[in-house]
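The following exercises are to be worked through with the sequence and the structure at hand. Each task is followed by a solution in steps.

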Amino acid sequence: MENTTPGRPEYNRTESDAKNVEALVIAGVPQSRIARVLKISEPTLRKHYREELDISKAKANAIVSQALFKSAKYFGLKHKQGGERKTT
């Protein structure tokens, strides 16, 4: 049966595409390119993936910051305790 509605078929969001959008945003890929990867328009990208576009980079920065803080804390404690001493 043919689609009698004019225009493009409706886009259906998938979790796989959501994860791809998140990864591409974190990598710094512009929205125009992300839309091309998904074969959708930029307005459709923004309509269906607004949350990923808005917070993916912030989430990634928070994870990196947390890892750096833990690492700095670990090395700071090690240094206070005298750290590893070299014997020659």
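**Exercise 1.** Which are the buried residues of helix α2 (residues 31-38)? Determine also how they are placed around the helix and what covers them.

*Solution.* The model is a predicted one.
Step 1. A residue counts as buried when its relative accessible area is under 20%. In α2, I34, A35 and L38 are buried.
Step 2. These residues span an arc of only 100 degrees around the axis, and therefore they lie on the same side of α2.
Step 3. The face turned away from this buried side carries R33, R36 and V37, which are exposed.
Step 4. The cover over the buried residues of α2 includes α1 (15-26) and α3 (42-48).
Step 5. I34 serves as an example: leaving aside residues up to four places away in sequence, I34 touches V21, L24, V25, V29 and L45.

**Exercise 2.** Identify the residues of the largest nonpolar core and the elements that give two or more residues to this core.

*Solution.* Step 1. The largest nonpolar core has eleven residues, among them I34, A35 and L38. The others are Y11, A18, V21, V25, I40, L45, Y49 and L53.
Step 2. Two or more residues of this core come from each of α1 and α2.
Step 3. In soluble globular proteins, nonpolar side chains tend to be buried together.

**Exercise 3.** Describe the backbone and the surroundings of K39.

*Solution.* Step 1. K39 is located in the loop between α2 and α3, just after α2.
Step 2. Its phi is near 60 degrees, a positive value in a residue other than glycine.
Step 3. Most residues other than glycine have a negative phi.
Step 4. K39 has a relative accessibility of 72% and so counts as exposed.

**Exercise 4.** How many salt bridges does a search of the whole structure find? Examine the pairs K59 with E22 and D54 with R50.

*Solution.* Step 1. The search finds five salt bridges.
Step 2. In the salt bridge of K59 with E22, the closest N and O atoms are 3.3 Å apart. This pair links distant parts of the chain, since K59 belongs to helix α4 and E22 to helix α1, 37 residues apart.
Step 3. K59 is partly exposed at 42% relative accessibility, and E22 is partly exposed at 22%.
Step 4. In the salt bridge of D54 with R50, the closest N and O atoms are 2.7 Å apart. D54 and R50 are four residues apart in helix α4, so about one helical turn separates them.

How values were computed:
Residues numbered from 1 in each chain as written. Predicted model: local features only at pLDDT ≥ 70, side-chain atom pairs only at ≥ 80, totals over all residues. Heavy atoms only, no water. Buried < 20%, exposed > 50% of the residue type's maximum accessible area, 1.4 Å probe, protein only. Arc of directions from axis to C-beta. Contact = heavy atoms within 4.5 Å. Core = buried A, V, L, I, M, F, W, Y, C linked by side-chain atoms within 4.5 Å. Salt bridge = Lys/Arg side-chain N within 4 Å of Asp/Glu carboxyl O.
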